[in-house]
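User: I have a model open and want the reasoning behind its labels. Can you take them one at a time, beginning with the pocket?

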Amino acid sequence: MRTDTTPGPVATEAQHRPAHPPVRFDTKIAVLLRDDLETWQRLNVTAFLVSGLGTAEPEVVGEPYEDADGTPYLSMFRQPVLVFEGSKEALTAAHGKALARSLPRALFTADLFTTGNDRDNRAAVGAVHGADLDLVGLAVYGPRNAVDKVLKGARMHP
């Protein structure tokens, strides 16, 4: 039991300030999923879509990780991936806006649920004109404002 009534040290403003201020990115990584997908489809589509961004846009990938034991881990995105959902019409509109703004993008069509490899995936997309694609997912990367405009009308995934 403490009998000393001397007050303890008072925390200064500097002690409450984080060691590193939060990072605010001027870019955004976003995934838009069609709102009628099954849970497993949402996860699968998201994983496929974001896999393309790191190869096309290397600046989105941070440094490799390492735990305190020195065990190395792969690099990951340097910023959050925001996941949205919307109707088939919202996806079609977002696709058009991403194309019009020349934003880096990846797509996933309903046909890809029936293929089992990269070659067949590319063939399935290549067989359909852009306006006729049955989109179920779209990933976009670019300046925050441009990505926000592409996703206008979509809502954050629950």
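Analyst: The largest pocket holds about 280 Å³ of space. Bear in mind that this is a predicted model.

User: Which residues line the largest pocket, and what makes them lining residues?

Analyst: The lining consists of Phe48, Leu49, Ser51, Gly52, Ala106, Leu107, Phe108, Leu112, Asp118, Asn121, Arg122 and Val125. A lining residue has an atom within 4 Å of a pocket point, so each of these residues meets that cut-off.

User: Which elements supply at least two residues of that lining?

Analyst: Three do: α2 (39-56), β5 (105-109) and α4 (118-126).

User: How do you know how many lining residues are nonpolar, polar or charged?

Analyst: The split is by residue type: seven nonpolar, three polar and two charged. Gly counts as polar, so Gly52 belongs to the polar group. Asp and Arg count as charged, so Asp118 and Arg122 belong to the charged group.

User: Now the sheet. In what order do the strands run?

Analyst: The order is β5-β6-β1-β4-β7. The five strands form an open sheet with mixed pairing. Its edge strands are β5 and β7 (155-156), since each pairs on one side only.

User: How do you know that β1 pairs with β6 and with β4?

Analyst: Pairing needs at least two bridges. Seven bridges join β1 to β6 (residues 135-143), and six join β1 to β4 (residues 81-86). Both counts reach the cut-off, so both are pairs. The β6 partner runs antiparallel to β1; the β4 partner runs parallel.

User: Which bridge partners can I check on screen?

Analyst: In β6, Ile29 is matched with Tyr141, and Leu32 with Leu138. Thr27 stands opposite Pro143, also in β6. On the β4 side, Val31 has Val83 as its bridge partner.

User: What makes β5 and β6 a pair?

Analyst: Five bridges link them in the antiparallel sense. The requirement is at least two, so the pair qualifies. One example is Phe108, whose bridge partner in β6 is Gly137. Phe108 is also among the residues that line the largest pocket.

User: Why is β1 described as covered on both faces?

Analyst: Look at each side in turn. Thr27, Ile29, Val31 and Leu33 are buried on one side. Lys28, Ala30, Leu32 and Arg34 are buried on the other. That is eight of eight residues in β1. In β6, eight of nine residues are buried.

User: Why is Arg34 called buried?

Analyst: Arg34 has a relative accessible area of 11%. Buried means under 20%, so Arg34 qualifies. Arg34 is part of strand β1 (residues 27-34). Beyond four places in sequence, Arg34 touches Arg42, Gly86, Ser87, Lys88, Leu91, Asp134, Leu135 and Val136.

User: What makes the Arg34 and Asp36 pair a polar contact?

Analyst: Their side chains come to 2.9 Å. The limit for the N or O atoms is within 3.5 Å, so the distance passes.

User: Why is Val45 called buried?

Analyst: The relative accessible area of Val45 is 0%. The cut-off is under 20%, so Val45 is buried. Val45 sits in helix α2. Setting aside residues up to four places away, Val45 touches Leu33, Leu37, Phe108, Phe113, Val136 and Gly137.

User: How many residues separate Val45 and Phe113 in sequence, and what is their C-alpha distance?

Analyst: They are 68 residues apart in sequence and 9.2 Å apart in space, C-alpha to C-alpha. Contact is a separate test, on heavy atoms within 4.5 Å. Phe113 is among the residues that Val45 touches.

Key. Residues are numbered from 1 along each chain as its sequence is written. This is a predicted model: local features need pLDDT of at least 70, side-chain atom pairs count only at pLDDT 80 or more; totals for chains, interfaces and linings use all residues. Side-chain values use heavy atoms; hydrogens and water are left out. Helices (H or I, at least four residues) and strands (E, at least two) are DSSP runs, numbered from the N terminus. Buried means under 20% relative accessible area, exposed over 50%, partly exposed in between (1.4 Å probe, protein chains only). A polar contact is a pair of N or O atoms within 3.5 Å; within protein, one must be able to donate a hydrogen and the other to accept it, and residues adjacent in sequence count only if both atoms are side-chain atoms. On a 1 Å grid over the protein atoms alone, a cavity is a set of points where a 1.4 Å probe fits but cannot get out, and a pocket is an open set with protein on both sides within 12 Å along at least five of seven lines; lining residues have an atom within 4 Å of a point. Grid points are joined across faces, edges and corners, and a volume is the space filled by probe spheres set on the points.
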